[in-house]
Structures are given as structure tokens and as C-alpha cells.
Amino acid sequence: MIRTNGGLLISQIKQLSGRIFNTLLQNAGIEEFNGAQGRILYVLWQEDHLPIVELSRRTGLAKTTLTGMPDRMEERDFLSRVPSPQDRRQLLIVLTPKARALNGQYEEVSEKMGEIFYRGFSDEEIVRFEEMLERIRRNLQGD
């Protein structure tokens, strides 16, 4: 197998993109949450009322990471936890009106981030690249 520095590149891209994304959030006046919290909000903007296990799966954040983060986000009035109607022992993560109001601004920042990511790429290259990323994700998950 060919030896690559893909792991190092991925790590560098993650660090750089995180810094740039946080800067874009600040420039947009969104200082209420960081990138990881933004991932949680992004998933909940797509579909609200999720159990922590499903939120972990969709964000890629470990359940241990998600244990304390919702507490902080709840203190800042971004989300709340409500009992599941199907199983009252299970809590669902729900967005607050304050968090819902930030969706548009966050989408604008995400769009700017996408423009930075894919500057100079053709549509075909973007599709192919994302197909490869999805394949890597599946490999890592053991799908």
C-alpha cells in the first residue's frame, strides 16, 4: 500500500478550518457558540427532538463529549431536554427559540466556509471529492 501523509493533512485541515470557521462566526457577530456547538445546532436545525445517541451519530462527536456540552448549551438557552413521548426515561434534545433565530446567520457563515473550501474546484471535482470523503467515513465506521 502506498504511504501517504493523508492523516497529517486531515489533521491540519481540521485545525485550519476550525480556526477559520470560528473567525467567520465572530465576524458575523455570532459569538454565542463555538464550532463543536455549531455542529450540534446544525444537526438540530435539520431535525429537532433527537436523543443524545442519535445526536452523537449525526455530529460525529463522542457521547462523552456530548455529555457536558448540552449542559453548557442549556445554560446559555440554546437547547433544552424533554422526555420522549415514547419512552419517558429517554431525554430528547430540543432547540430553543434563541437557537432557532441563529440558523440564518449560521447558514451564511457555512456558505462562506464552503466557498473557501472549494475555491478553484469544478463542480465535478467537488462531487468526486465528497464521494471519496464519504467512502473514508464509511471505512472508519466499519460500514
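# A friendly tour of a predicted protein model

Phe129 has its place in helix α7, which covers residues 123–141. It is a good starting point for a walk through this structure, which is a predicted model. The protein has seven helices and three strands, and along the sequence they follow the pattern α-α-β-α-α-β-β-α-α-α. Taken along the principal axes, the C-alpha atoms fill a box of roughly 50 × 40 × 25 Å. Of the 143 residues in the protein, 28% are buried.

**Helix α7 and a nonpolar patch**

- Phe129 has a relative accessible area of 31%, so this residue counts as partly exposed.
- Together with Phe121, Leu133, Ile136 and Leu140, Phe129 makes a nonpolar surface patch of about 470 Å².
- Helix α7 also holds a charged pair: Glu131 and Arg128 are three residues apart in this helix, and about one helical turn separates them.
- Glu131 and Arg128 form a salt bridge, with their closest N and O atoms 3.6 Å apart.
- Both partners are partly exposed, Glu131 at 42% relative accessibility and Arg128 at 44%.

**Salt bridges around Glu54**

- Side chains of opposite charge can pair when their charged atoms come close.
- How many salt bridges does a search of the whole structure find? The search gives ten.
- Four residues, Glu47, Glu54, Arg57 and Arg58, are linked in a network of salt bridges.
- Within this network, the side chains of Glu54 and Arg57 meet at 2.6 Å, N to O.
- Glu54 and Arg57 both lie in helix α3 (residues 52–59), three residues apart, which is about one turn of the helix.
- The side chain of Glu54 also meets that of Arg58 in a salt bridge, again with 2.6 Å from N to O.
- Arg58 and Glu54 are four residues apart in helix α3, so about one helical turn separates them.
- Is Glu54 buried or exposed? Its relative accessibility is 18%, and because the cut-off for buried is under 20%, Glu54 counts as buried.
- The two arginines have other labels: Arg57 is exposed, with a relative accessible area of 54%, and Arg58 is partly exposed at 34%.

**The sheet**

- Strands of a sheet pair through backbone hydrogen bonds, either parallel or antiparallel.
- In this protein, three strands form an open sheet in the order β1-β3-β2, and their pairing is antiparallel.
- Which strands stand at the edges? They are β1 and β2: each has a single partner strand, so one side of each is left without a neighbour in the sheet.
- Strand β3 (residues 91–95) pairs with β2 over five bridges, in the antiparallel sense.
- To find this pairing in the structure, look for Arg81, which stands opposite Ile93 in β3.

**Helix α6 and its two faces**

- Helix α6 runs over residues 103–117 and has 15 residues.
- From its first C-alpha to its last, α6 reaches 21 Å, close to the 21 Å expected at 1.5 Å a residue.
- The residues Tyr106, Val109 and Met113 are buried in α6.
- Where do the buried residues of α6 fall when seen down its axis? They fall within an arc of 65 degrees, so they line one face of the helix.
- Glu108, Glu111 and Glu115 are exposed, and they sit on the face of α6 turned away from its buried side.

**Two loop residues with positive phi**

- His49 is found in the loop between α2 (35–46) and β1 (50–51).
- The phi angle of His49 is near 65 degrees, a positive value in a residue other than glycine.
- With 42% relative accessibility, His49 counts as partly exposed.
- Asp77 lies in another stretch, the loop between α4 (63–75) and β2 (79–83).
- For Asp77, phi is near 65 degrees, which is a positive value in a residue other than glycine.
- Asp77 is partly exposed, and its relative accessible area is 42%.

Conventions: Residues are numbered from 1 along each chain as its sequence is written. This is a predicted model: local features need pLDDT of at least 70, side-chain atom pairs count only at pLDDT 80 or more; totals for chains, interfaces and linings use all residues. Side-chain values use heavy atoms; hydrogens and water are left out. Buried means under 20% relative accessible area, exposed over 50%, partly exposed in between (1.4 Å probe, protein chains only). Two strands pair if DSSP finds at least two bridges between them. The expected span of a helix is 1.5 Å times one less than its number of residues. The arc is that of the directions from the helix axis to the C-beta atoms. Patches are made of residues with over 30% relative accessible area and no salt bridge: like charges are joined within 9 Å, nonpolar side chains (Val, Leu, Ile, Met, Phe, Trp, Tyr) within 5 Å. Accessible areas come from the Shrake-Rupley method with a 1.4 Å probe; for residues, only the protein chains shown count as cover.
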